[in-house]
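Grab a coffee and work through a few exercises on the protein shown below. Try each task before you read the solution.

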Amino acid sequence: MALVGKMETAVEIKSPAVKYYKVFSSEAHSIPNMSSDNLHAVEVHEGDWDTHGAVKHWTFTAGTVSGASRNYIYTVNMF
């Protein structure tokens with residue numbers, strides 16, 4: 001049985017918005033090093049890290065539940 005839904009959380013970040021955006025858009029491979037207890041791996045299945053049409057596969061643990069997620073990049077807006 002598969003569970004499909006939406007998971008949200010609030011996290012206080014002590015970093016400039018531009019740096020935060022850069023990490024999630026083009027340096028996502030470094031996120032498991034920052035939060036190894038919760039995020040185990042980020043892999044690119046299609047495309048490149050920060051290009052339109054890229055598909056990323058995230059492996060994570062939320063509490064006692066392990067899971068995986070796929071993320072499709074529709075557009076990239078640099079501000």
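Which residue in β2 is the bridge partner of V44? Keep in mind that you are looking at a predicted model.

**Solution 1.** Start with the strands themselves: β1 covers residues 39-46, and β2 covers residues 55-62. These two pair in the antiparallel sense, with six bridges between them. Now find V44 and look across to β2: its bridge partner there is K56.

**Exercise 2. Sketch the overall layout, then add the third strand.**

Step one is the parts list: two helices and three strands. Step two is their order, which reads α-α-β-β-β along the sequence.

Step three is β3, residues 65-72, which runs antiparallel to β2 and is joined to it by eight bridges. Two of the pairs to mark are V55 with Y72 and W58 with S69.

Step four is the link. β2 and β3 make a hairpin with two residues between them, and G63 in that turn has a positive phi of about 70°.

**Exercise 3. Decide whether H57 is buried or exposed, and list what it touches.**

First, place the residue: H57 sits in strand β2. Next, check its relative accessible area, which is 19%. The cut-off for buried is under 20%, so H57 counts as buried.

Then look at the neighbours, skipping anything up to four places away in sequence. H57 touches A41, V42, E43 and H45, and also A68, S69 and R70. The group from A41 to H45 includes V42, and V42's own contact list (again without neighbours within four places) has A28, P32, W49, H57 and W58.

For contrast, take A62, also in β2. Its relative accessible area is 31%, so A62 is partly exposed. A62 is 24 residues from N38 in sequence, yet their C-alpha atoms are 6.5 Å apart in space.

**Exercise 4. Find the largest nonpolar core and work out how much of the protein is buried.**

Begin with a rule of thumb: nonpolar side chains in soluble globular proteins tend to be buried together. Here the largest nonpolar core has six residues: V23, A28, I31, L39, V42 and W58. You have met two of them already, since V42 and W58 are in contact with each other.

Now zoom out. Of the 79 residues, 20% count as buried. Strand β3 adds nothing to that share: among its eight residues the count of buried ones is zero, so this strand is hardly covered.

**Exercise 5. Which residues make the nonpolar surface patch of about 370 Å²?**

The patch is built from V11, I13, Y20 and F24. Pick out I13 as a check: it lies in the segment before α1, the helix spanning 17-26. I13 counts as partly exposed because its relative accessibility is 40%.

To set the patch in context, the protein exposes about 6,400 Å² in total, and carbon and sulfur atoms supply 56% of that.

**Exercise 6. What share of the contacts with a separation of 6 or more comes from residues 24 or more positions apart?**

Take the contacts with a separation of 6 or more, then keep those between residues 24 or more positions apart. That leaves 23%.

Methods. Residues numbered from 1 in each chain as written. Predicted model: local features only at pLDDT ≥ 70, side-chain atom pairs only at ≥ 80, totals over all residues. Heavy atoms only, no water. Core = buried A, V, L, I, M, F, W, Y, C linked by side-chain atoms within 4.5 Å. Buried < 20%, exposed > 50% of the residue type's maximum accessible area, 1.4 Å probe, protein only. Contact = heavy atoms within 4.5 Å. Patch = residues over 30% accessible without salt bridge, like charges linked within 9 Å, V, L, I, M, F, W, Y side chains within 5 Å. Areas by Shrake-Rupley, 256 points an atom, 1.4 Å probe, with all protein chains shown as cover. Salt bridge = Lys/Arg side-chain N within 4 Å of Asp/Glu carboxyl O. Helix = DSSP H or I, 4+ residues; strand = E, 2+ residues; numbered from the N terminus. Pairing = 2+ DSSP bridges.
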